[in-house]
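Me: Please take a close look at a single part of this model, the salt bridge and the residues that form it, and then set that part in the context of the whole chain.

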Amino acid sequence: MRSSIYARRIAMETGLEWRLGRLHNNTARQLVILGRKISRREELPAPSAA
């Protein structure tokens, strides 16, 4: 029950604390996605000069 209330508040509240929390979470999520893309790119073999 507590987690559902928190999830609703983080989605709906407009206060500064909640806005900063959403900004933090979104930034962290985007950095994780970017890190995964970079690590996948490094795993690919380098294209050969044909």
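Reply: Arginine 9 is partly exposed, at a relative accessible area of 39% (buried is under 20%, exposed over 50%, partly exposed in between, with a 1.4 Å probe and protein chains only). The model is predicted, so local features need pLDDT of at least 70 and side-chain atom pairs pLDDT 80 or more, while totals for chains, interfaces and linings use all residues. Residues are numbered from 1 along each chain as its sequence is written, and side-chain values use heavy atoms, without hydrogens and water.

The side chain of arginine 9 forms a salt bridge with that of glutamate 13, at 3.8 Å from N to O (a side-chain nitrogen of Lys or Arg within 4 Å of a carboxyl oxygen of Asp or Glu). Glutamate 13 is also partly exposed, with a relative accessible area of 32%. The structure holds one salt bridge.

As for the whole chain, it has two helices and zero strands (DSSP runs, H or I of at least four residues for helices and E of at least two for strands, numbered from the N terminus). Its radius of gyration is 19 Å, well over the 10 Å that the globule rule gives for 50 residues, so the chain is more spread out than a compact globule (the radius is taken over C-alpha atoms; the rule is 2.2 Å times the number of residues to the power 0.38). The C-alpha trace spans about 60 × 25 × 10 Å along its principal axes. Of the 50 residues, 4% count as buried.

Helix H2 covers residues 16–43 and includes leucine 20, which is partly exposed with a relative accessible area of 49%.
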